Amino acid sequence: MARKLLSYGKPDEPDQTSPMLTRTSPEVRQAVDQTTDSACLCLETLVNSIDGIVWEADPRTFRFTFVSEQARRILGYAPEDWLEEGFWEAHLHPDDVGLAIEHCTGWNAQSPRRCHEYRMVARDGRAVWLRDLISIEMRDGRPAGLRGIMVDISEHRRLDKEEARREIERLSLYDGMTGLPNRAFLHDRLAHALKAAERDHSHVALLAVDLDRLAHINEVLGHQIGDRLLVAVAERLRGAMRGADTVTRHVGDEFVIIMEDLANPRDAAVLAERVLDELSRPFALEGHEVNISACIGIGIYPEDGTTPLVLIKHADVALHHAKEAGERNYQFFCEEMNRSSTERLQIESNLRLALQRGEFHLVYQPQVELETGRITGMEALVRWTHPELGMVSPARFIPIAEESGHIIEIGLWVLREACRQTRRWHEQGFEGLQVAVNVSARQFRQDDFARQVRAVLEETGLAPECLELELTESMIMQRPERVVAVMGELRALGVTFSIDDFGTGYSSLSQLKRFPLDKLKIDQSFTHDIGTDAGTAITCAIIALANSLRLRVVAEGVETTEQKRFLIDNGCHSMQGYLFSRPVAASEFHALLLMHRVPLAV
Ligand code: C2E
Ligand code: MG
Ligand code: MG
């Protein structure tokens with residue numbers, strides 16, 4: 001049988017001289033011709049010792065013509081059993097029968113080798129995974145020989161499965177991008193940490209760390225850099241930890257650190273400082289120097305919560321407060337924060353009815369041309385007076401309205417009211433007065449924003465050149481192509497645009513040039529700092545930038561004559577601030593207009 005296996009002879013002509021032999025040299029042929037029965041025996045021993053089922057089959061009927069002894073060891077069936085017709089198909093695992101069909105079709109000279117993996121059912125009922133390496137001999141375009149070796153790979157499969165299970169487990173507990181433990185891990189770990197702390201009467205601190213500006217970096221530098229930044233941040237956070245701390249990636253750009261076994265809750269502040277320091281160093285990513293900062297909210301067990309969910313929630317509330325307080329700071333949770341979260345909910349639910357109830361009104365703050373002292377325009381600012389909450393500052397409710405979507409209705413109301421009032425002042429003899437209206441990101445993103453503005457202008461009869469829309473840097477940097485198109489459409493009507501709070505965002509000169517802008521408004525924090533080195537330098541730089549882009553500059557928040565003097569000396573065009581007037585109701589503004597009809601002396 002072994003001789004037959006090694007020959008290339010047709011299976012139904014087993015003892016013919018094989019073509020292989022005709023291809024070999026006379027010496028070899030002679031040597032083979034002299035093959036004795038004992039050589040055959042050796043060969044058979046060799047075949048049977050191979051750790052796999054060596055087989056040969058008829059390429060037309062697929063019936064086995066030879067199966068090595070290993071078949072008995074691996075599957076429990078004697079080699080003779082295999083030679084029965086239909087044996088292989090009958091012992092295939094039911095789920096793998098489909099393979100049999102594939103196994104037996106489509107042979108050609110271009111693909112003379114195959115490898116299939118499938119299961120056969122062993123005599124004792126076990127499913128045995130086999131890797132069947134098959135080769136076919138084609139002669140004159142027809143299959144002439146079919147043989148192969150089946151290797152038992154059940155153990156590999158089991159290990160692969162084990163490996164896969166471990167991988168799935170790893171993926172379910174670790175974040176694929178940064179390799180840090182994920183949210184599921186955090187909950188698990190925190191639950192353990194709290195149990196241990198309860199037993200040992202110790203403290204646990206939870207630090208929720210949120211990166212500022214990641215969305216913006218994704219937008220401007222691309223998601224690849226954003227992703228690399230997250231990996232680099234994870235690396236720095238790991239470096240800042242003590243051995244007993246765990247850092248996890250919670251969601252998106254939020255990381256959570258668990259500090260176990262705290263001697264003193266103030267140690268959490270020390271770690272928070274260290275993390276903020278680490279993250280404030282620039283990151284070098286693919287040739288870009290990227291600067292970010294972070295905010296941290298801290299919750300302490302047991303004071304701020306005794307369950308993972310409550311502690312996480314409170315650390316998040318503290319984080320929210322830290323973010324409101326500005327960049328690069330940390331806050332410990334306190335009950336007062338919970339109160340303000342409740343207040344936030346109250347604001348949100350009341351906003352819904354505020355428009356219908358007529359609780360909003362507008363105030364106007366003059367913008368004064370520094371060279372002439374004339375009031376050239378004003379910024380319209382919304383005010384909300386709620387019967388119980390009292391006067392709610394726009395800085396408080398606008399972000400909530402933005403999140404809840406109420407800003408769309410409110411923004412449209414503000415626009416209509418501001419245009420209507422300005423038109424009235426025009427009619428009263430103050431022609432040319434320009435009104436600046438703040439536009440929120442969500443409002444601007446609406447598909448029909450340009451149409452809404454045009455409709456309001458038509459309805460109120462205000463000349464489009466007398467309407468200025470205040471946008472922010474972050475707003476225009478989101479989907480800039482669309483922003484340019486919407487601005488272009490309104491610009492064609494005559495509407496003008498300014499960038500509010502300029503200098504607090506992330507725009508670069510080359511990016512700014514793309515937008516049809518008219519004005520930059522220097523953020524009041526810089527005006528406030530005029531006199532300090534940084535404030536002075538930034539204000540001068542913004543004025544120079546505006547001049548180079550041929551834009552006008554308005555300084556916001558001008559409160560002192562020194563600031564005003566500095567702005568005049570450095571070529572700023574206009575100012576807005578308490579020095580001249582606070583934002584006032586329409587009737588008061590009218591009085592201001594009457595008073596300042598004659599240009600003021602500078
Ligand atoms: P903003 O657009 O930068 O408005 C300027 C803010 O600075 C106003 O605060 C104004 O009262 C204040 N301000 C003006 N002069 C001075 C000054 O000399 N010193 C100081 N310390 N502050 C000064 P306000 O009215 O509380 O508005 C805050 C923010 O709320 C606005 O900042 C704007 O972002 C938003 N906002 C106000 N009204 C609207 C609105 O109708 N729609 C939208 N989307 N946002 C609005
Ligand atoms: Mg503004
Ligand atoms: Mg501003």
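## Ligand 1 and its magnesium neighbours

At 8% relative accessibility, D500 counts as buried (under 20% relative accessible area, with over 50% being exposed and partly exposed in between; 1.4 Å probe, protein chains only). This is a predicted model, where local features need pLDDT of at least 70, side-chain atom pairs count only at pLDDT 80 or more, and totals for chains, interfaces and linings use all residues. Residues are numbered from 1 along each chain as its sequence is written, ligands are numbered from 1 in the order in which they are written, and side-chain values use heavy atoms, with hydrogens and water left out.

**Around ligand 1**
- Ligand 1 is surrounded by 21 residues (a heavy atom within 4 Å), with E379, D500, Q524, E559 and Y578 the closest.
- Strand 14 (375-386) gives the most to this shell, four residues (strands are DSSP E runs of at least two residues, numbered from the N terminus).

**Polar contacts** (N or O pairs within 3.5 Å)
- D500 puts a polar side-chain atom 2.8 Å from an oxygen atom of ligand 1.
- For E559, a polar side-chain atom sits 2.5 Å from a nitrogen atom of the ligand.

**Magnesium**
- E379 (OE), N438 (OD1), E470 (OE) and D500 (OD) are the protein donors of the magnesium ion (ligand 2), at 2.0 to 2.2 Å (donors are N, O and S atoms within 2.8 Å of the metal, or 3.2 Å for Na, K and Ca; water is not among the atoms, so sites may look incomplete).
- D500 also bridges ligand 2 and the magnesium ion that is ligand 3, and the two ions lie 4.0 Å apart.
- N438, by contrast with buried D500, is partly exposed at 28%.

Key
A polar contact is a pair of N or O atoms within 3.5 Å; within protein, one must be able to donate a hydrogen and the other to accept it, and residues adjacent in sequence count only if both atoms are side-chain atoms.
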